[in-house]
Amino acid sequence: MTAYLLEHAWIGDRFLDDVLVEVEDDRFTSVTPDSDPPRAIPVRGLVVPGLANTHSHAFHRALRGRTQRERGTFWTWREQMYAVAARLDPDTYLALATATYREMAAAGITCVGEFHYLHHRPDGTPYADPNEMGEVLVEAARQAGIRVTLLDTLYLSSGFGVPPEGAQVRYSDGSVEAWADRVDALAPAPHAVTGMAVHSVRAVPASDLAAVADRLADRPFHVHVSEQVAENAACLEAYGVTPTRLLADHGLLGPRSSLVHATHLSDDDIALVGGSRAHASFCPTTERDLGDGIGPSRRLHDAGARLTLGSDSHAVIDLFEEMRAVELDERLATQQRGHWTAAELLTAATTDGHASLGWDDAGAIAVGQRADLVVVDPASPRTAGAGRDEGAVVFAATAEDVQRVMVDGHWVVEEGQRYDIGLELESAIARTWGEERR
């Protein structure tokens, strides 16, 4: 058992001073505010629970700074993304994902939901181990010291009624049954949860959705929904309903479901998502980078949905920025302030985020919860003078202000490691693009 005295810690729904926490194995065994023990290890700064990144495509990290240089649309960006997807093999993917997850850890992210669809070889044939690419991601998370929910993704069509083509052939298992059987064969790991995902309603025919629901069991389920107006229009033309209604009609909306983006929703869609108590995974830095639009975050919350946050394409890996962007985007859309409190946004990034990934025992500094801690500097050039409360964390701090990170009782990030992480990212991305220095 190890005892720590947290100077200012987020407990429940507020910051408390001098919080004594005792950690045994990977759990908090006691949490006592207003303590002054003689032998506890001091942890100075603003201490919050581990952050959950609920939507990640690790290989997109290789696109940062490259796809932003040109004009275009989501669809032209997608072609650039496919160029990376076609290049990766297990070795280059392990290097890239490990470096990306280390960047996440240094930003205070203790658990990631990896939306994984790079299943097979570039020509679509399986590896000797059909789950090799998924196991690479699980190993990358282990090396980075964080937990992962592998959201193994079903991808059967390029668009409504169009077979996979180009880089997409490596995404497809050919049928729901082949995909689900492969997912069932994934090896368990103590730091990993296996979830299931449907890439989107354009990538899986409606006739297959009920079979997906039958194979979910109690796993987390994630799906891209209504990221683009064009997707909604094509779904209405193909099936006569919105993507959200299509999912609801096939049993794929519920408390274990997460709708990623949920940007262009009708009033009926919002009522369906809220009534099902589903999660809505917003990724504001990616949504603004791709020109997707601003989703109805507050209306979804008020209808009963639970907000979570993801960094998606990793144009930015900074959940503090994602938190405040939800509020700031609402201000732009409505020309009004004060839609989300700092406490609500911190809950989205911690407790609700972990729950959406199948880790109901993480996201809070409380007895019995996993011992995750994120130490934020309250006196950096960004946070100095902002106060020592949740407002400072959500509306002033950035990933750069994270000083130390504990995951499952182990310190996995200490000060001074960012330079080495940058070098590792540079090397891995150069390998991905074939740009290694000779």
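In the loop that runs between helix α8 (267-275) and strand β11 (279-282) lies R277, a residue of a model that is predicted. Although R277 is not a glycine, its phi is positive, at about 60 degrees. The relative accessible area of R277 is 41%, so this residue is classed as partly exposed. A second residue with a backbone angle of this kind is S226, whose phi is near 50 degrees, again a positive value in a residue other than glycine. S226 is placed in the loop between β9 (221-225) and α6 (229-239). With a relative accessibility of 0%, S226 is counted as buried, because buried is the term for a relative accessible area under 20%.

Charged side chains were examined next. The count of salt bridges in the predicted model comes to 32, where a side-chain nitrogen of Lys or Arg has to lie within 4 Å of a carboxyl oxygen of Asp or Glu. In one of these, the side chains of R202 and E231 meet with a distance of 3.0 Å from N to O. Since R202 belongs to the loop between β8 (192-198) and α5 (206-215), while E231 belongs to helix α6, this salt bridge ties together parts that are 29 residues apart in sequence. Both partners, R202 and E231, are buried.

Another salt bridge is formed by E400 and R418, and the closest N and O atoms of this pair are 3.5 Å apart. Here E400 is located in the loop between α14 (390-395) and β14 (402-407), whereas R418 is located in helix α15 (residues 418-433), so the pair ties together parts that are 18 residues apart in sequence. As for accessibility, E400 has a relative value of 51% and therefore counts as exposed, whereas R418, at 31%, counts as partly exposed.

A further salt bridge joins E414 to R404, with 2.8 Å between the closest N and O atoms. This pair, too, links distant parts of the chain, as E414 is in the loop between β15 (410-413) and α15, R404 is in strand β14, and the two residues are ten residues apart. E414 is partly exposed, with a relative accessible area of 32%, and R404 is likewise partly exposed, with a relative accessible area of 21%. Beyond individual pairs, salt bridges that share partners join D26, R27, R147, D361, R370, D372 and D408 into one network.

Charged residues without a salt bridge can also be grouped where they lie at the surface. Such a grouping is found in a negative surface patch, which is formed by D17, D18, D34 and D36. One of these residues, D18, is found in strand β2 (residues 14-24). The relative accessible area of D18 is 34%, so this residue is partly exposed.

Aromatic side chains were then considered. A pair of aromatic rings is described by two quantities, the distance of the centres and the angle of the planes. Nine aromatic pairs are present in the structure. In the pair made by Y4 and W411, the ring centres are 5.9 Å apart and the planes stand at 85 degrees, so the arrangement is edge-to-face, a term used for planes over 60 degrees apart. The two residues connect distant parts of the chain, because Y4 is in strand β1 (residues 2-11) and W411 is in strand β15, 407 residues apart. Y4 is buried, with a relative accessible area of 7%, whereas W411 counts as partly exposed at 21% relative accessibility.

The rings of F59 and Y93 have centres 6.4 Å apart and planes at 75 degrees, so this pair is edge-to-face as well. Distant parts of the chain are linked here too, with F59 in the loop between β5 (51-56) and α1 (74-85), Y93 in helix α2 (residues 90-106), and their positions 34 residues apart in the chain. F59, at 2% relative accessibility, counts as buried, and Y93 is buried with a relative accessible area of 1%. Both F59 and Y93 are part of a cluster in which ring pairs link F59, Y82, Y93, Y117, Y155 and Y171.

Conventions
Residues are numbered from 1 along each chain as its sequence is written. This is a predicted model: local features need pLDDT of at least 70, side-chain atom pairs count only at pLDDT 80 or more; totals for chains, interfaces and linings use all residues. Side-chain values use heavy atoms; hydrogens and water are left out. Helices (H or I, at least four residues) and strands (E, at least two) are DSSP runs, numbered from the N terminus. Buried means under 20% relative accessible area, exposed over 50%, partly exposed in between (1.4 Å probe, protein chains only). Patches are made of residues with over 30% relative accessible area and no salt bridge: like charges are joined within 9 Å, nonpolar side chains (Val, Leu, Ile, Met, Phe, Trp, Tyr) within 5 Å. Accessible areas come from the Shrake-Rupley method with a 1.4 Å probe; for residues, only the protein chains shown count as cover. Lys and Arg count as positive and Asp and Glu as negative; His and the chain ends are not counted. The place of a charge is taken as NZ of Lys, CZ of Arg, CG of Asp or CD of Glu. Rings of Phe, Tyr and Trp (its six-membered ring) pair if their centres lie within 6.5 Å; planes under 30 degrees apart count as stacked, over 60 as edge-to-face and the rest as tilted.
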